[in-house]
Structures are given as structure tokens and as C-alpha cells.
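Subject: Handing over the structure

Dear colleague,

I am passing on the structure we talked about, and I would like you to look through it slowly before you read my notes. Please keep the view open while you read, so that each statement can be checked by eye.

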Amino acid sequence: MENTLIAIVVPIVIGLLFAAAGKAKPIKTDDGGYLIQYAKALKIFGLALPGLMISSVIALLIYSPIKNSEDAIAVAFLFAFFGLFAAYFYIEFFTVKIHVGPNGIQGTSGWRGKREYSWDEIEAISYSHNSMWFKLTADNKAPLRIHAMISGIDQVLLHFEKYVPQEKWIEAFEKYTKK
């Protein structure tokens with residue numbers, strides 16, 4: 001019964017998160033471009049899920065207190081794991097921002113700092129189904145990855161179509177649209 005419930009609930013939650021990401025609108029910027037970031041629903045989910053997990057461990061401790069040092073180590077491990085989980089979600093959902101405009105694309109994240117490309121610097125755009133991101137590559141620059149669940153991904157794709165030669169993005173678009 002438990003496995004059946006999980007098999008039903010998880011796809012529903014993921015579907016709702018995708019729907020939230022798709023409904024959020026990018027922010028128009030003064031240069032005619034767009035600022036794109038994760039939807040508020042994803043940000044809330046990213047903090048609520050680890051918070052719920054930590055609260056569950058606390059509730060478990062109230063009803064079943066630590067009895068020995070092995071239990072204490074296991075509880076400490078759980079708190080550390082859920083804390084790292086929360087840190088990951090915070091860095092991913094709150095620090096990632098993409099700006100697309102007539103002059104190029106900029107990506108900022110807590111993972112890799114700031115990356116900037118003019119449109120003519122982009123050598124290739126690829127898409128990974130497993131990672132669910134677009135990857136931009138250019139000579140002598142680190143790659144820029146843009147997750148498909150970021151709100152406003154359609155604006156990014158429209159800018160690729162407008163400013164980057166088709167042979168550099170067509171294969172990525174075909175992979176992305178096959179989902």
C-alpha cells in the first residue's frame with residue numbers, strides 16, 4: 001500500500017511543480033530582455049520539503065527519545081543530511097538567475113558565480129533529458145547550464161531562435177520537445 005501511495009503522490013507533486021514553473025512569468029528588463037528565475041512555488045517547495053523532514057525527525061524524537069550513542073549518531077546524521085538538502089535547494093532555487101537580452105545571455109548561480117556570453121560567442125547548445133538542462137558552450141569559457149524547470153524557459157528558447165544560428169540549437173530543441 002505504501003509503495004502504491006508513493007507511486008501516485010510523487011508524479012502528482014512533480015506535475016504540480018512543473019505546472020507552477022510554466023505559469024510563472026519572467027520579468028521584463030529595461031534593455032528589452034528578460035530576467036528568468038525559479039517560480040515561487042519551487043522556492044517554497046525547496047525549503048518546505050527539508051523543513052518537513054527535519055520536523056518529522058523532531059516529532060519522532062518526541063515519541064521515541066534517543067536511548068544510546070548509536071541512536072544519537074543516526075539522528076545527527078539525519079539532521080546533517082536534511083540540512084545539506086535544504087542548503088542545496090536554497091542555492092539552486094534562490095540564487096539561480098538568467099538574463100537574456102539583445103546583447104547575449106548571463107547566468108548567475110550560487111554554484112558557479114556569473115557567466116556571460118554574447119550571442120555570437122555561443123558555439124553549441126545541447127539538451128540533456130537526464131539532467132533536464134540546456135548547456136551552452138563557447139571557446140575559452142565555462143559552460144552555462146539552464147534547467148528546463150526554470151520559469152520563462154520559453155523566453156530563453158525564443159532568444160536562441162532569434163540570435164543564434166539554427167544549426168547551433170536545432171538538435172537541442174528537438175530533444176527538448178520530445179520530452
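Strand β4, which covers residues 104-109, pairs with β5 in the antiparallel sense, and six bridges hold the pairing. Within this pairing, Ser109 has Gly113 of β5 as its bridge partner. Before going further, please keep in mind that this is a predicted model, and that the values below were computed from it.

The sheet around β4 and β5

The two strands belong to an open sheet of five strands, whose order is β1-β2-β3-β4-β5 and whose pairing is antiparallel. Which strands stand at the edges of this sheet? They are β1 and β5 (113-118), and because each has a single partner strand, one side of each is left without a neighbour in the sheet. As general background, strands of a sheet pair through backbone hydrogen bonds, and they may do so in a parallel or an antiparallel way.

At the β1 end of the order, strand β1 (residues 27-28) is joined by two bridges to strand β2 (residues 34-37), and these two strands run antiparallel. Here Lys28 has Tyr34 in β2 as its bridge partner. The hairpin made by β1 and β2 has five residues between the strands, and Gly32 in this hairpin takes a positive phi near 90°. On the way to the next strand, β2 is joined to β3 (residues 97-101) by four bridges, again with the strands running antiparallel. Tyr34 appears here once more, since it stands opposite Val100 in β3.

A residue to follow in β5

Glu116 lies in strand β5, and a useful question is how exposed Glu116 is. Its relative accessible area is 41%, so Glu116 counts as partly exposed. If residues up to four places away in sequence are not counted, Glu116 touches Ile105, Gln106, Glu121 and Lys141. For a sense of distance, you could also look at Glu70: it is 46 residues from Glu116 in sequence, and the two C-alpha atoms are 49 Å apart in space.

A second pair to set beside this one is Tyr90 and Ile44, which are 46 residues apart along the chain and have C-alpha atoms separated by 9.7 Å. Tyr90 is found in helix α3, which runs over residues 69-95, and with a relative accessibility of 43% Tyr90 counts as partly exposed. Leaving aside neighbours within four places in sequence, Tyr90 is in contact with Leu47 and Thr95.

Two loops with positive phi

Further along the chain, β6 and β7 pair in the antiparallel sense over six bridges, and in this pairing the bridge partner of Ser128 is Trp133 in β7. The two strands form a hairpin with four residues between them, and Met132 in the turn has a positive phi of about 60°. Met132 sits in the loop between β6 (122-128) and β7 (133-138), and at 23% relative accessibility it counts as partly exposed.

Asn140 is a residue other than glycine with a positive phi, near 60°, and its place is in the loop between β7 and β8 (141-147). Is Asn140 buried or exposed? At 84% relative accessibility, Asn140 counts as exposed.

The chain as a whole

Stepping back from single residues, the secondary structure of the protein chain comes to five helices and eight strands, and along the sequence these follow the pattern α-β-β-α-α-β-β-β-β-β-β-α-α. The C-alpha atoms fill a box of roughly 65 × 35 × 30 Å along the principal axes. The radius of gyration is 20 Å, whereas a compact globule of 179 residues would have one near 16 Å.

Buried residues make up 31% of the 179 residues, and the accessible surface of the chain comes to about 11100 Å², with 63% of it belonging to carbon and sulfur atoms. Among the contacts with a separation of 6 or more, 51% are between residues 24 or more positions apart. Finally, the chain carries 18 positive and 16 negative charges, and the mean positions of these two groups are 5 Å apart.

With best wishes,
A colleague

Notes: Residues are numbered from 1 along each chain as its sequence is written. This is a predicted model: local features need pLDDT of at least 70, side-chain atom pairs count only at pLDDT 80 or more; totals for chains, interfaces and linings use all residues. Side-chain values use heavy atoms; hydrogens and water are left out. Two strands pair if DSSP finds at least two bridges between them. The radius of gyration is taken over C-alpha atoms; the globule rule is 2.2 Å times the number of residues to the power 0.38. Buried means under 20% relative accessible area, exposed over 50%, partly exposed in between (1.4 Å probe, protein chains only). Contact means heavy atoms within 4.5 Å. Accessible areas come from the Shrake-Rupley method with a 1.4 Å probe; for residues, only the protein chains shown count as cover. Lys and Arg count as positive and Asp and Glu as negative; His and the chain ends are not counted. The place of a charge is taken as NZ of Lys, CZ of Arg, CG of Asp or CD of Glu.
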